[in-house]
Amino acid sequence: MGDTGSVGTRGGRGALVAGAAVLLLAGCGSGGDEAGAAALGKGQVASVLPDAKAAPGWRLYMKPAALKPMAEYPPPVCVSRTKEQRETACRPATFWGSSAFVRKADRTTLNFWVLAYEDEKAADAAYDVLIKWYGGDRVGQDARKVDLGGTGAEREANRAAVGTMGGPGTIAQLRVGTTVLGISTGTGTEGTSAVPDQEVKAFATMFAERAQQAQNGEKPSASLPGH
């Protein structure tokens, strides 16, 4: 899928790293800068990630979890093309985390990841680097844009008819204050149906709202419709 990126890996880091690898393969109410944009701690980063209650109709197979990056092994979800870009996007990350779901009816996957930074300036710079990797046709050949509305301070989403799982897939990235958020969906060729654009937009809205709630000092409670 295009250029080979620079990505940190380390054996023995458990399900969180394994789940992040799945995200890379599967490939807020509005949250903006005008509201709170506080740096998040490890527990807050974990709380931003959707759990089973936040995603009705999906089966949680990797619980929300957050880690503090090690300098020599940047977060596996932080992918860049060059060493310089890695220094901008990955090294400044204070915490990162991910959670993952599968749809009960078929093999469709839904993955969330978050990278947290000390301030909006660092998050903004990281977003610009990461969208060069996750944006465009990274999800698959001949990808098209998915409209996420006004969610987040920055946002981009793309859909391809044939992703890495063989069926339709999407990758979305957003920035909300001091965080950069990622979402991916993937469906096998035997999947009953692709995840529609409107549902991808709902995922982004919910995830961005959870990030904004955490930065406002609140416990994230946003969930998908149906809960």
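In the predicted model, Asp142 is placed in the loop between α4 and β4 (144-145). The phi angle of Asp142 is near 60°, a positive value in a residue other than glycine. With a relative accessibility of 66%, above the 50% limit, Asp142 counts as exposed. A second loop, between β5 and β6, contains Gly163. Gly163 has a relative accessibility of 14% and therefore counts as buried. The C-alpha atom of Gly163 is separated by 4.9 Å from that of Gly140, although the two residues are 23 residues apart along the chain.

The strands form an open sheet of seven, in the order β1-β2-β3-β7-β6-β5-β4, and the pairing is antiparallel. The edges are occupied by β1 and β4; each has a single partner strand, so one side of each is left without a neighbour in the sheet. Strand β1 (residues 58-67) is joined to β2 by seven bridges in the antiparallel sense, and in this pairing Met62 stands opposite Ala100 of β2. On the other side of the pairing series, β2 and strand β3 (residues 109-116) are antiparallel over eight bridges. Here Val102 is opposite Thr109 of β3. The two strands β2 and β3 form a hairpin, with five residues between them. Strand β3 is in turn joined to β7 by eight bridges, again with the strands running antiparallel. Thr109 stands opposite Gly186 in β7, so that Thr109 has a facing residue in β2, namely Val102, as well as this one in β7.Strand β2 (residues 95-103) has nine residues, and nine of the nine are buried, which means that the strand is largely enclosed by the rest of the structure. Phe95, Gly97, Ser99, Phe101 and Arg103 point one way from β2. Trp96, Ser98, Ala100 and Val102 point the other way, and the residues of both groups are buried.

Two helices are described next. Helix α4 (residues 120-134) comprises 15 residues and reaches 20 Å from its first C-alpha to its last, close to the 21 Å expected at 1.5 Å a residue. At the N-terminal end, α4 is capped by Asp119, with a side-chain oxygen of this residue 3.3 Å from the backbone nitrogen of Lys121. Just after α4, Gly136 adopts a positive phi of about 60°. The helix lies across β3, β5 (154-160), β6 and β7, and runs at about 160° to β6. The buried residues of α4 are Ala123, Ala126, Tyr127, Val129, Leu130, Ile131, Trp133 and Tyr134.

Helix α5 also packs on the sheet, where it touches β1, β3, β4, β5, β6 and β7, and its direction makes about 150° with that of β7. The 19 residues of α5 should span 27 Å at 1.5 Å a residue, and the end C-alpha atoms are 27 Å apart, in agreement with this value. Buried residues of α5 include Val200, Phe203, Ala204, Met206, Phe207 and Ala208. Further along the helix, Arg210, Ala211, Gln212, Gln213, Ala214 and Gln215 are buried as well. The cover over the buried residues of α5 includes α2, β1, β3, β5, β6 and β7. Just after this helix, Gly217 takes a positive phi of about 85°.

In soluble globular proteins, nonpolar side chains tend to be buried together. The largest nonpolar core in the model has 33 residues, of which Phe112, Leu148, Leu181, Ile183, Phe203 and Phe207 touch the most other members. At least two residues of this core are supplied by each of α2 (42-48), β1, β2, β3, β6 (166-176), β7 (179-188) and α5 (197-215). The largest share, eight residues, comes from α5. A second, separate core has 22 residues, among them Ala123, Ala126, Leu130 and Ile171. Of these, Ala123, Ala126 and Leu130 are also among the buried residues of α4. Leu148, in the largest core, touches Arg155, Glu156, Ala157, Ala172, Leu174, Val200, Lys201 and Ala204, when residues up to four places away in sequence are not counted.

Methods. Residues numbered from 1 in each chain as written. Predicted model: local features only at pLDDT ≥ 70, side-chain atom pairs only at ≥ 80, totals over all residues. Heavy atoms only, no water. Buried < 20%, exposed > 50% of the residue type's maximum accessible area, 1.4 Å probe, protein only. Helix = DSSP H or I, 4+ residues; strand = E, 2+ residues; numbered from the N terminus. Pairing = 2+ DSSP bridges. Core = buried A, V, L, I, M, F, W, Y, C linked by side-chain atoms within 4.5 Å. Contact = heavy atoms within 4.5 Å. Expected span 1.5 Å × (residues − 1). Polar contact = N/O pair within 3.5 Å; in protein donor to acceptor, adjacent residues only side chain to side chain. Axes fitted to C-alpha atoms, helices over the stretch in contact; angles between N-to-C directions.
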